[in-house]
Amino acid sequence: MPDEFEIHMTSGWPALTEALKLKGCPLKPWLVERFPAQHTKTIFQRYKEAVGPIRVPASTEPTGAGTGAIGGSFDHLVRFLVDPHPDVDLPAVGAQRFGGRMPTALAELAARLGIPTPALDELDHDRPVPVFDGAHQPTSRDPELVARGCWALSLLTELGRGVSPERSVLAMLDPATVSGDDLLSLASPAALDQLAALREQAEAVLVPALATRTGTWSVGPTFTGSVLMNADADLIAAGTLVEIKTVLGSKRADGSRYATLDAKVLFQILGYALLDFHDEFTIREVALFNARFGHLAIWNLQDLLDGAAGRPVELSSLRAEFEEFLRNEGEPVVEVRRAHV
């Protein structure tokens, strides 16, 4: 039977995080107009004053795959700490892009980690966002095994997000023979040390702060507005949207580090909240967890919006305004996708 294809129209916007960085993109000016610097700088200063010293400095040894791999791996690691069924759809897309035996290698890796791997023909960009009821007690998986697995999942996730296989560390693997054990061998000792230290901070600070929150949880959730601007948050815990970072912060003259909050990160967090057009997740708080500093900042969403705007803000009206902006300012793009039959 010949392959069948579907035609999809997209808004043409880059992903939220990319749009906030691109020069000439109208997104940041739109946000700055509503949340001007004279008001957001107070939020940034209060955040800086509240964060203590760095607890997990950068490794003195090369970790491999760049600093981004630490952050991506830690994102996956947090999933194993709170989610009863960690989602590996994006790594599966990456495995498919790599080709050869990589999808089988991912299935072998998933089996070692005790998690299901979706069949490639079951991957669906339009499927409902997976949710679960509250945090769960992590199973007794070997921490080093989980860290190694998360390192590999992070590299495959990069492919799933569009990074070329030729530019990935995974390019060193032979598509014809790659195995789950090969994926588990990729993490360096320095990377494993970093992930172990970051996990300690998550278990000491993040997980206890969220564990008592009952209601709908989702890891890696997308939003109604994600069809217009690709965006998936790190975690929503019963109405609290959590952004997870592993950034080193800024450096003082004496070489010590301090944490900062800037417009890009603040707008990223607010962007997620605004993209929940229909209030599906009933987001009432937003939080920023910087694992390297072991610091969790939590804001009431309404208070944060009012403070950043310098005036009272009506959330539903602002969401409607944001939706209209995205629809009107985007450049429609036609995508052809293989149909699910």
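Is R161 buried or exposed? R161 counts as exposed, at 51% relative accessibility. The cut-off explains the label, because exposed means over 50%. This is a predicted model, and every value below is computed from it.

**Salt bridges**

The structure holds 13 salt bridges. R161 takes part in one of them, with D232 as its partner. The nitrogen-to-oxygen distance is 3.1 Å. R161 sits in the loop between α7 (143-160) and α8 (180-184). D232 sits in the loop between β3 (216-219) and β4 (235-237). The two residues are 71 residues apart in sequence, so their salt bridge ties together separate parts of the chain.

R213 and E285 form another bridge, at 2.6 Å from N to O. This pair also links distant parts of the chain, 72 residues apart. R213 lies in the loop between α9 (189-211) and β3. E285 belongs to strand β8 (residues 285-290). R213 is partly exposed at 21% relative accessibility. E285 is partly exposed too, at 25%.

A further bridge joins R34 and E33, with 3.5 Å between N and O. Here the two partners differ in their surroundings: R34 counts as buried at 14% relative accessibility, whereas E33 counts as exposed at 60%.

The three bridges are set out below.

| Salt bridge | N to O distance |
|---|---|
| R34 and E33 | 3.5 Å |
| R161 and D232 | 3.1 Å |
| R213 and E285 | 2.6 Å |

Return to R213 and E285: that link spans 72 residues. Elsewhere, salt bridges that share partners join E33, R34 and E321 into one network.

**Aromatic pairs**

How many aromatic pairs does a search of the whole structure find? The search finds 9. One of them is W30 with F325, whose ring centres are 5.2 Å apart. Their planes meet at 20°. Stacked means planes under 30 degrees apart, so the W30 and F325 pair counts as stacked. W30 lies in helix α2 (residues 27-34) and F325 in helix α12 (residues 315-329). The pair therefore ties together parts that are 295 residues apart in sequence.

Both rings belong to buried residues. W30 has a relative accessible area of 7%, and F325 has 9%. These two residues also join W13 and F322 in one aromatic cluster.

**Cysteines**

The search for disulfides across the whole structure finds 0. C25 is buried, with a relative accessible area of 12%. C150 is buried as well, at 0%.

**The sheet and its helices**

In what order do the 6 strands of the open sheet run? The order is β2-β3-β4-β5-β8-β9, and the pairing is mixed. The edge strands are β2 (132-133) and β9 (295-300). Each has a single partner strand, so one side of each is left without a neighbour in the sheet.

β9 pairs with β8 in the antiparallel sense, over 6 bridges. Within this pairing, F289 stands opposite L296 in β9.

Two helices can be placed against the sheet. α9 lies across β3, β4, β5 (240-245), β8 and β9. It runs at about 170° to β8. Helix α10 (residues 263-275) packs on the sheet and touches β5 and β8. The direction of α10 makes about 145° with that of β5.

L296 also figures in a long-range approach. Its C-alpha atom is separated by 9.8 Å from that of A50, 246 residues away along the chain. A50 is found in helix α3 (residues 37-50). At 49% relative accessibility, A50 counts as partly exposed.

**Positive phi angles**

Two residues other than glycine deserve a look at the backbone. A238 has a positive phi, near 50°. Its place is the loop between β4 and β5. A238 is partly exposed, at 27% relative accessibility.

T282 has a positive phi as well, near 45°. T282 lies in the loop between α10 and β8. At 41% relative accessibility, T282 counts as partly exposed.

Key: Residues numbered from 1 in each chain as written. Predicted model: local features only at pLDDT ≥ 70, side-chain atom pairs only at ≥ 80, totals over all residues. Heavy atoms only, no water. Phe/Tyr/Trp six-rings, centres within 6.5 Å; stacked < 30°, edge-to-face > 60°. Helix = DSSP H or I, 4+ residues; strand = E, 2+ residues; numbered from the N terminus. Buried < 20%, exposed > 50% of the residue type's maximum accessible area, 1.4 Å probe, protein only. Disulfide = S-S within 2.5 Å. Salt bridge = Lys/Arg side-chain N within 4 Å of Asp/Glu carboxyl O. Pairing = 2+ DSSP bridges. Contact = heavy atoms within 4.5 Å. Axes fitted to C-alpha atoms, helices over the stretch in contact; angles between N-to-C directions.
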